[in-house]
Amino acid sequence: MSTFAYFPHTEEDIKVMLERVGLSSLGELYSDVPPEFIHKGDYDLPSAMTEEEVRRWFENLAAKDTRLVVFAGAGAYDHYTPSVIPYITSRSEFITAYTPYQCEISQGTLRYIFEWQTMICSLTGLDVANASMYDGPTAAAEAMRMCVACTRKRNTVVASARLLPAVLSVLETYSRYSGINLVVTDDVQEAVAEGTLDLAGVIVPSINRFGIVESHLGLADLVHQMGGLLVEYCDPSALAVVKTPAEWGADIAVGDGQSLGIPLCYGGPYVGFMACREQWMRKLPGRIVGQTADAAGRRAFVLTLQAREQHIRREKATSNICSNESLMALWCTVYLSIMGPEGMRKLNAICYERSHYLKEQLLATGKFEDPFEGRTFLKEFALKPLCNAEKLQQALLDAGFFGALPTPEGYVTFCVTERRTPEEIDALVKVIKEAAL
Amino acid sequence: MFDSCDSTKDVQQSLWRSTPLNLPEVSEPDVVRHYTNLSQMNFGVDTGFYPLGSCTMKYNPKINEEIVPQFNGIHPLQPAQTVQGVQAVYDFMDKALAEITGMKRFTFLPCAGAHGELTGLMLMKEYHLRRGDTARTKVIVPDSAHGTNPASAAVCGFDIVVVKSRPDGLVDVEDLKPLLGPDIAGIMMTNPNTLGLFERDIKEIASLVHGCGGLLYYDGANMNPLLGVVRPGDMGFDIMHLNLHKTFSTPHGGGGPGSGPVGVAERLVPIVDVPKTSGFHGNFGVILRACAYILTIGRENLKMAGPLATLAANYIKESLKDSYKLPIPTVCKHEFVFDGLADGGDVTTLDVAKRLLDYGFHAPTIYFPLLFHQALMIEPTETESKETLDAFIDVMHLIAREASENPELLHTAPHNTPIGRPDETAAARQPILKYSFD
């Protein structure tokens with residue numbers, strides 16, 4: 001046997017294989033490489049570890065991270081993961097497969113992507129969804145590019161300054177290098193109504209970075225009148241109860257599937273989603289799965305509309321995307337299957353009740369003002385602390401809580417998911433009440 | 001709660017959903033059965049040999065999967081003092097990848113290979129812009145390049161200039177020379193290229209491109225044969241990405257999540273973190289798995305990874321070259337390309353690929369690269385035993401015999417899979433892209 005578990009070759013195997021190739025050493029396989037490029041000596045890396053040593057290495061590191069009770073959101077939400085999900089998604093037939101190029105032996109992957117597309121359409125109310133994107137912010141950036149592609153020769157996209165910071169920074173990056181004129185503004189209606197822009201699209205949040213459910217009444221008509229497309233950035237968990245992008249009249253919906261039971265895991269892997277009206281179907285980036293039949297008439301799923309994609313269209317493709325986040329799309333698909341429509345409604349009701357309870361309790365401490373009184377929110381909200389925001393966050397950290405995320409306006413945000421128990425909420429309030437801030 | 005027709009607002013003004021939500025209403029046992037059954041219609045690396053060219057379908061170690069849940073509870077915006085363990089993983093990976101590639105610093109934001117390309121091209125643009133060099137609007141891409149290369153350059157706002165390959169499959173240096181000038185931002189190359197050939201003129205190419213003020217981008221999709229042997233940084237590359245889901249053994253997950261960290265040479269280090277191309281810190285869960293792989297393989301075994309992958313490819317190539325057309329007969333690296341059957345009649349590469357499925361093998365990459373009409377691009381990896389390679393070779397010979405004796409059997413393949421060849425034209429002409437609830 002070989003000395004390393006992942007390399008199955010014996011010395012005899014290597015000898016026989018080299019003979020077949022007509023060479024006498026492994027080194028000769030690199031005879032076409034200029035000798036000065038062959039790395040000499042050992043790499044400066046650790047010596048091979050046993051499985052148990054690897055496990056211990058990570059356990060030691062994980063112990064250096066502080067375990068905190070999360071009262072923060074801002075694009076990453078601490079929802080519960082039903083145990084069915086990791087059980088299903090760790091099946092090696094799913095996890096060790098590649099992009100389903102050979103559909104006859106990939107019906108499992110193709111079928112769950114078809115289900116994902118269906119569920120994303122159900123949540124957003126739109127007609128067509130793709131097989132997934134890297135994350136919510138990159139999905140927003142692709143939507144920005146899609147607005148420009150759909151409206152031809154128009155090059156300005158207006159984005160609400162109330163989008164999440166993570167979304168805005170990725171939009172700014174993509175626009176800077178691809179030459180799209182991105183206008184970030186507090187008042188989208190006003191910027192669009194001026195009518196001076198070569199408007200390709202508008203991107204607004206369904207729920208903004210202060211947690212407020214926004215009204216987009218009349219916005220779609222205005223944007224369409226000016227010749228642009230309306231994009232809504234959504235929390236898919238909340239879409240079970242808040243007005244859908246389709247109901248607001250949006251053309252494209254994007255967002256991050258993380259809130260559908262994907263663990264926080266320091267920011268990834270998550271999964272972006274994108275849906276649009278049928279009219280723009282052929283401008284979508286990424287993979288799309290379609291239903292057809294084989295010669296015997298059996299239902300079959302395939303990758304379709306591939307004439308949009310990079311491996312066929314090269315520089316004329318709708319996007320450069322190749323791999324997406326398929327396994328995380330499966331994650332969300334299993335989640336939504338377990339939860340069902342009633343489960344999603346109940347989940348949102350619990351988040352609503354507990355977050356409103358926390359907000360009342362915090363205001364009752366007398367240490368906050370409410371800058372958004374009367375505005376509707378679901379699980380995340382912003383308050384103006386009447387003390388030093390940094391000290392506030394530190395006091396919480398010291399007590400084992402992560403919350404009170406500062407915003408540039410001097411507010412702090414809190415998020416309460418169904419995982420936060422009434423006891424944890426009361427404990428957090430107690431810390432703030434008693435802290436000398 | 002959440003009622004769209006409450007007393008104060010009508011449906012139009014309401015903030016709540018009025019459309020019914022169509023989601024499955026099923027029990028937990030039925031969910032488990034449904035997805036278990038779906039998984040059984042799938043083929044993965046754990047099922048069998050997966051010689052998909054340019055995809056590096058190596059074994060995905062199981063210990064790597066067990067590491068991730070320990071870090072599940074960490075919020076991406078937690079302050080630095082509460083995530084010292086996480087930071088140590090990033091620091092280790094930055095140093096380890098720099099050592100393995102000869103680059104100086106890495107950014108871990110990109111979530112896939114193509115995402116890495118885009119991030120790398122943004123760095124290329126940023127570098128020129130910061131020097132006031134605004135005229136560099138073109139990127140050179142070889143005609144053999146992965147489709148993502150020109151697509152990524154286009155997304156980054158560059159014009160694409162194609163450099164031709166010579167009949168021996170390598171970039172034509174004479175064709176390259178007249179393309180170079182003050183409008184060239186850089187060249188994108190993968191080395192070995194998509195024919196599995198080492199670009200032996202890389203030193204001259206690097207010197208020519210640098211000479212005109214351009215930068216060299218290395219597409220790390222084909223890094224596996226160089227693992228432990230050759231470092232892109234030493235060959236003169238300024239920017240590169242790695243596919244952790246190829247070279248560093250993390251699972252492909254049916255098409256993601258991947259991770260495409262981008263490394264840069266010294267002069268680009270100050271700007272490496274400038275392009276914010278994903279929401280938080282990249283796919284940390286994937287980076288963890290790659291980290292576990294590096295610790296397990298260690299410096300001793302790393303040196304063998306590239307050579308054993310390269311040996312496997314050459315072994316298959318030499319064993320099958322009488323039955324399949326081998327347009328370029330020289331020593332290959334991790335992969336090589338056949339141009340269909342040597343004596344196939346009307347049996348196409350698609351037919352061969354579909355017949356392979358009947359015999360329990362995944363098909364190679366087909367009809368890529370575009371340089372050959374019947375391309376079959378085969379990439380075994382270092383984790384495949386000689387017995388597996390021999391079984392594949394036997395079946396490929398058998399299929400070649402079937403092609404001459406019973407071509408119809410191949411035209412109608414596969415026969416032993418959950419479905420037969422589907423009507424892809426109908427799928428694209430009248431797209432059905434979701435379930436209908438009507």
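1. A quick term first: two strands pair if DSSP finds at least two bridges between them, with strands (E, at least two residues) and helices (H or I, at least four) taken as DSSP runs numbered from the N terminus. With that in hand, L242(B) in strand 6 of chain B is the bridge partner of G220(B).

2. Housekeeping: this is a predicted model, where local features need pLDDT of at least 70, side-chain atom pairs count only at pLDDT 80 or more, and totals for chains, interfaces and linings use all residues. Residues are numbered from 1 along each chain as its sequence is written, while chains are lettered from A and ligands numbered from 1 in the order in which they are written.

3. Back to strand 6 of chain B. Strand 5 (residues 215–220) of chain B runs parallel to strand 6, over four bridges. Strand 7 (residues 262–264) of chain B pairs with strand 6 in the antiparallel sense, over three bridges, and there G263(B) stands opposite M240(B).

4. Is strand 6 (residues 239–242) of chain B covered on which faces? Both: I239(B) and H241(B) on one side, M240(B) and L242(B) on the other, are all buried (20 or more other C-beta atoms within 10 Å of the residue's own, C-beta atoms being placed from the backbone; 12 or fewer would be exposed, in between partly exposed).

5. On to the contact between chains. Here 149 residues of chain A are in contact with 151 residues of chain B (C-beta atoms, placed from the backbone, within 7 Å). Helix 8 of chain B gives the largest share of chain B's side, 22 residues. By class, that side of chain B has 79 nonpolar, 50 polar and 22 charged residues (Ala, Val, Leu, Ile, Met, Phe, Trp, Tyr, Cys and Pro are nonpolar; Asp, Glu, Lys and Arg charged; the others, Gly among them, polar).

6. The largest nonpolar core (buried Ala, Val, Leu, Ile, Met, Phe, Trp, Tyr and Cys joined through C-beta atoms within 7 Å) has 288 residues, of which A140(A), A143(A), I203(A) and M274(A) touch the most other members. Helix 8 (residues 284–320) of chain B supplies the largest share of this core, 22 residues. Leaving out residues up to four places away in sequence, the ones I203(A) touches include M144(A), V157(A), L163(A) and Y233(A).

7. Domains, with bounds from an automatic or database assignment: chain B splits into domain 1 (62–296) and domain 2 (299–415). Their C-alpha centres lie 28 Å apart, and the contact takes 18 residues from domain 1 of chain B and 20 from domain 2 of chain B.

Methods. Two residues are in contact if their C-beta atoms, placed from the backbone, lie within 7 Å.
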